[in-house]
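Here are two short exercises to work through with the model open beside you. Try each one before reading its solution.

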Amino acid sequence: MGRKVTLATCTLNQWAMDFKGNYERILESIKQAKDRGATYRCGPELEITGYSCGDHFYESDTLLHTWEVLAKLLQDPICKDMIIDVGMPVMHKNVTYNCRVIFLNKKLLLIRPKLILCDDGNYRETRWFTAWTKSKQTEDFYLPRMIQDICGQKTVLIGDAVIATLDTCLGFEICEELWNPSSSHIPLSFDGVEIISNGSGCYHELRKAYVVVDLVKSATAKCGGIYLFSNLRGCDGERIYFQGCSHVAINGHMVSIGKQFSLQDVEVITATLDLEDVRTYRNSIRSRNMVASSSPRFPRVQVDFALSSNDIFLPTYEPKEWQYHSPEEEIALGPACWLWDYLRRSGQGGFFLPLSGGVDSCSSAVIVHSMCTLVCQAIADGDTNVLEDLRKIIGDPKYKPLNARELCNQILVTCYMGTKNSSEETCQRAKDLSSQIGSYHLKIKIDIIIDAILTVFTLVTGVTPKFRAMGGTTRENLALQNVQARVRMVMAYFFAQLVLWTRNRSGGLLVLGSGNVDEGLVGYLTKYDCSSADVNPIGSISKKDLKSFLKYAIFKFSLPALGEILDAKPTAELEPLLEGKLVQTDEEDMGMTYDELSIYGHLRKPGGCGPYSMFCKLVNIWSSILQVQDVADKVKHFFRRYSINRHKMTVITPSYHAETYSPDDNRYDQRQFLYNAKWEWQFRAIDIAVKRYLKMKEERMHDIGNLIHSKMHPLKDTVLDRSFPDLSGSTGIHDNFSSTGRLGVVVSESVPKCSKDTNTLPKSNVPFRRGAVNSSVHSDVLSF
């Protein structure tokens, strides 16, 4: 006879240090789990405090309030007759651990500390916590007196142990332990643990949802057993968006799957499963059983409680296939949900967005429109929490949106800030898009402010700066562009504070930024311009992905105006027009294409390449389209631009984290902001490699000449016949090298190719201009 258990895992949208709200969401998840017949409930990592408390974890108040929340949970009748597993920090012997605390009927069963901490990406867990290093060992933990009074117990075991019920055995992993090669689920499964839970704090990155799914499927396929993955969701106060995806798996199959993106604060995922399926599956893997028979034993906490039901007719869950979002859908959903959390928790009345009519600012606008669509859908589905939050934002207790366009008009103000250098085309594109998404749109001219600033400068100095097109120097040209950009930032904040006042509404607006990750990487922005905002939904998304997103949005949200925006060349519109036409483009200014920037970014981080290593990889990747000296010049140009402008990252707007090569130096990309931009030692290594390559090429051509000569004179001694195929298709001799690379460096096939390779990426309209690169790379002065 099978033994069927109903288990619950949950996704919670917690908020760091919001103990009241976090408690209410935890309690709601327990209630929903109990209503569905679950006898075990697993919650996310650090769900009581919220994950992103940072240095608040050093404060004794944080630990005190955590125990106060746990005390309320212990006493609530909803928690009766269910094993409940919550995540919280615990200090033991003056050391703070990231723990799971498991309790049943007002009794604490076990405190299980995290064994392996995470310090990569945006994680910095060892700053606040210590890993439990006493494998398969426990100690007595002396409970706070407020807990002793409730539980009637002075101590509880803390350490690496499992819980044995009357019918099965429960074990625990915490987030990073699943990712680590020495995962806890392996020895747990060998010791007969049939149900393993993982309370996690896993954040979103584009194209990465499959990682946790594959890990859990692999773990349960290899070891057998039931696996419950519980994750946070939303913005809990930081740049990251916790991506949900809570699920239940058994023996390599997903049986219950939660949402990745949602405005829902509490989502409970349950599954009814047969423990005999686990036992049969494991017993059939003979090699596993040989190892398990000699595996070390975990300490067991014996509990007089059964998880299983006597109802033999209770239906069990069937396997499901995971449906992944496309990158375009991820961009439409992830930043939109993150903005909603930020807006409702900031207490502001909406967003103010300088809308230039280009790809970047229009992407930010469409993401807000996507957010409005999600809000309207949630309200239509009966989510009263979303409606209540929206009414607080609008300031109307009876407000209910008619549709996404009407809502967008209430909470998004877009503004075209034109100058005499702006074109009519960009102004019209901004107007058309604002009309289609429904934003409250403004159009202003800022020339009078810029002229006033220049007048003051001339009165003080006696000279008037000129644009380069009018005979000015490069420094004058740059200063005149920057003053326009900075005036836009000042006007954006001024309008953001007062626009709602003009519409008879209280509160202010959050200023949205719209710089992409590629521009941040090389500093193609003005310090304290419109890149300086309150939050930026696209700051960690590449230009290439943003264009794909807008193509998707044309049909998803019925926004035909995006077609013209995509066709236009990216431009800052800060230099004078020539006969009413643009003469300035972003790629011309940078001396590199956006596709190339994406390649540089991936190689720098996460590829871990400095100038020399990047050159060694690119000389292979771009071997069919560029000469080796051209590759060297491009790499040097990128690193000079990157290092000269790195200081701008110290004031970059907090952005939604989505990309692995984000240059955000707050926590993710920690490097100095003052560089020796000459890179003398590193660039010398590149020069030496170029000379070595040219010498190798000369020797190879000499060998080819000898080979041709020997074939033309067959009576003479010949060397071994070797062929050198011409991949270009021409009839001449082609210098073709092996797949290991011209310099003997093996290149991963996963590294993206150069934008000029027409077989993989669209060819840039900006040709490679070697002279332009060479003339710009000698400027080692910080750019502002």
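The exercises below deal with a cavity and then with a sheet. The model is predicted: local features need pLDDT of at least 70, side-chain atom pairs count only at pLDDT 80 or more, and totals for chains, interfaces and linings use all residues. Residues are numbered from 1 along each chain as its sequence is written, and side-chain values use heavy atoms, with hydrogens and water left out.

**Exercise 1.** Find the largest cavity and work out which domains line it.

*Solution.* Start with the search of the whole structure, which gives five cavities of 30 Å³ or more. A cavity here is a set of points on a 1 Å grid over the protein atoms alone where a 1.4 Å probe fits but cannot get out. The largest holds about 190 Å³. Next, look at its lining (residues with an atom within 4 Å of a point): of 23 residues, G539, I652, T653, S655 and D664 are the closest to the centre. Finally, domain 2 (326-565) and domain 3 (580-699) both contribute lining residues, so the largest cavity lies between them; the domain bounds come from an automatic or database assignment.

**Exercise 2.** Lay out the four-stranded open sheet and place helix α12 against it.

*Solution.* First, write the strand order, β21-β20-β19-β22, with parallel pairing (pairing takes at least two DSSP bridges; strands are DSSP E runs of at least two residues, helices H or I runs of at least four). Then mark the edges: β21 (440-445) and β22 (510-511) each pair on one side only. Now join β19 (351-354) to β20 (412-418) by four bridges, setting L353 opposite T414. Last, add α12 (404-411), which packs on the sheet and touches β19, β20 and β21 (contact means heavy atoms within 4.5 Å).

Technical notes: 1 Å grid on protein atoms, 1.4 Å probe; cavity = no way out; pocket = protein on both sides within 12 Å on 5 of 7 lines; lining within 4 Å. Points joined across faces, edges and corners; volume = space filled by probe spheres on them. Axes fitted to C-alpha atoms, helices over the stretch in contact; angles between N-to-C directions.
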